[in-house]
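Colleague: Hey, have you got a minute to walk me through this one?

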Amino acid sequence: MLSLLCLKCIRQECNTYTTMNILPSFKYSPLNCETNDIRLVRLLEENSSYVLSCELQHFPSASSPPYLALSYTWGDPKDTVPISLNDHILNITRNLLSFLQHSRHRSKSPITFSEALWFDDEPLEPDGQWLWIDAICIDQSNIPERNLQVPRMKEIYERAEGVITWLGPASDDSDIAFAVIRSLGRATIRAYKATGKYDPNAMVAVGRAFGRREWDSVQKVFHRPWWNRAWICQEVTTPTKGEKRAMAWCGHNQIDWDYFGIASVYILDAELERALEKSENISNMRIRTLACMTADRKTPGKNRVNDLLYLLGANRDCETSDPRDKIYAFLAISNDGQVIQADYEKPVAAVYTELATTFIKRDRRLDVLGYSCLEHISFDLPSWVPNWSLKSIANRLCLAGYQSDGTFRRTYHANKGLKGSIGFTGGERVLRVKGFVFDSAILVSWSRTFTSLSASEIMLRWRAQALHNGPNYVTGGTIIDALQHTLCADIEEDDVKLSERGRKVNPFPQDGGEEAAWSTSMPLLRATQNRKLVSTLGHYMGLVPELTEPEDKICILSGASVPFVLREEGNHWVLVGESYIHGIMDGEAVTAFKASGREMEIFEIW
């Protein structure tokens, strides 16, 4: 039994409590599974006590009234405030209260869903309208209900009349940022309507008109906590049966979500990304992925960007309150999300291991192992099972991508011509795979990512290590040429768009100096993040995980298109991570192995 605070107290605008009747705590009644009930909430009229009051009702899914769905970040789950829900007390997070308060003070005109031209800016008005808000409409303490409702969230967002993306209250020139993003989006749409295609030059022309303050404001909007949520991909990019509205809302300012989605792609493509410089709170790759998925809503058919494994990797930096949601948040929007069912009664280790084994059994490939890293073993996970709950891991080597001829195919073929079995033992905790040891690490460099040395000092050390074996590389050509290919893993990579082999970067350009090469070459930065340069016993060179040690083995495994670093521990092996070894990425090691007459061995990886 609690007494309610007045809204002024909650906003810390007064220091006294409003005298209120004592209200009981809210208790959920069960949903009717036979009619696929959902709960909807709406704001009630203000009363003299200033208490925010809401009404919650159950509706059969097929006959529910029109409603808006909310996409937002919970914030600190311990920082809660009470509201009145059906004349009972329910505690909600302060960020959700902020949204409801802003909803209350907007215009009270009813919603009219315009059929105007694409990207119309007509606002969505939630005050007095039915809303679907996960924290209120799902009994979060009821695990069986969560297991049933989470798979339905895609349907819930599909059926919504619109989606509101709540980025938080206005601050840090957010109104200016919205004006910039609206201008960029409209320029793109005008160019599209005029030419029938997207023209990044239209964005560049508009972008040049803005100064430092405008771009700083955009950067701050893209750094808001909302962007880090795992569930946002489902909430704002769910394919819809019609042209449903999605609006981004910051304070009292609203713009069409597609302005964010389309503008994000071209902000990056037009090399304006320096205004949105990557920080610990946001990844440009995540913005691009979200934007591509938004555009994909309007394109029929399947797209590789929506494969579950790709979505998990591209959104690895996202945040969830439950580690299992790092997977469950993407099931409904992926092409192959049916491979696993949401179950909050399963331990995290069981969920992560089940997903990894499912991918391996289905594809007979080891692609999922590339998301594993030795330093991230926790939850009692085997070394080969990715720990999706953790963020700081090397960028995945691009295993496949679109080529210049428009085809989508694999980038590397280190196991070309190698056939062998893949299986499991020990209750599917031990991976058994055939392969062979190609080489051993003997020199492992300083890491580029975690060191007090400058980029140029690291580069000088890497070059000195490369030259340790002389001026020429073991497979032909100069050692410096091999280093230049190694530093970008031999590919020209443009996220999901292009993945072409034969790329190299010059670590010491004539103009700009050593530091410029590290700060401007995205292929180099991606390939070397959280990796070290390795020199092997056989005089090869490559990029390996940070925890690689001398005497670790470079192995070619069945079902793995890139070499893996393994470490022998007693009678078993542990996975250190994937690697790029220059000169063996197209099956050369397999050819030499077959010519040697050696037999493949079975690696038991724990």
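**Helix packing and cysteines**

Modeller: Sure. Helix H15 (residues 455–466) packs with helix H16 (residues 479–486) at an angle of about 130 degrees, their axes 10 Å apart. That makes H15 oblique to H16, oblique being whatever is left after under 35 degrees (roughly parallel), over 145 (roughly antiparallel) and 65 to 115 (roughly perpendicular).

Modeller: This is a predicted model, where local features need pLDDT of at least 70 and side-chain atom pairs count only at pLDDT 80 or more, while totals for chains, interfaces and linings use all residues. Residues are numbered from 1 along each chain as its sequence is written, and side-chain values use heavy atoms, with hydrogens and water left out.

Colleague: Which residues meet in H15 and H16?

Modeller: Met459, Arg463 and Ala466 in H15 meet Ile479, Ile480 and Leu483 in H16, with contact meaning heavy atoms within 4.5 Å. Those residues split into 5 nonpolar, no polar and 1 charged.

Colleague: And at what angle do H6 and H8 cross?

Modeller: Helix H6 (residues 174–195) and helix H8 (residues 212–222) cross at roughly 95 degrees, and their axes come within 8 Å. That makes H6 roughly perpendicular to H8.

Colleague: New topic: how many disulfides?

Modeller: The count comes to 0 disulfides, taking a disulfide as a pair of cysteine sulfur atoms within 2.5 Å.

Colleague: Why is there no bond for Cys137?

Modeller: Because the closest cysteine sulfur, in Cys54, is 9.9 Å from the sulfur of Cys137, too far for a bond.

Colleague: Is Cys137 buried or exposed?

Modeller: Cys137 is buried at 1% relative accessible area, whereas Cys33 is exposed at 52%. Buried means under 20%, exposed over 50%, and partly exposed in between (1.4 Å probe, protein chains only).

Technical notes. Axes fitted to C-alpha atoms, helices over the stretch in contact; angles between N-to-C directions. Helix = DSSP H or I, 4+ residues; strand = E, 2+ residues; numbered from the N terminus. Nonpolar A, V, L, I, M, F, W, Y, C, P; charged D, E, K, R; others polar.
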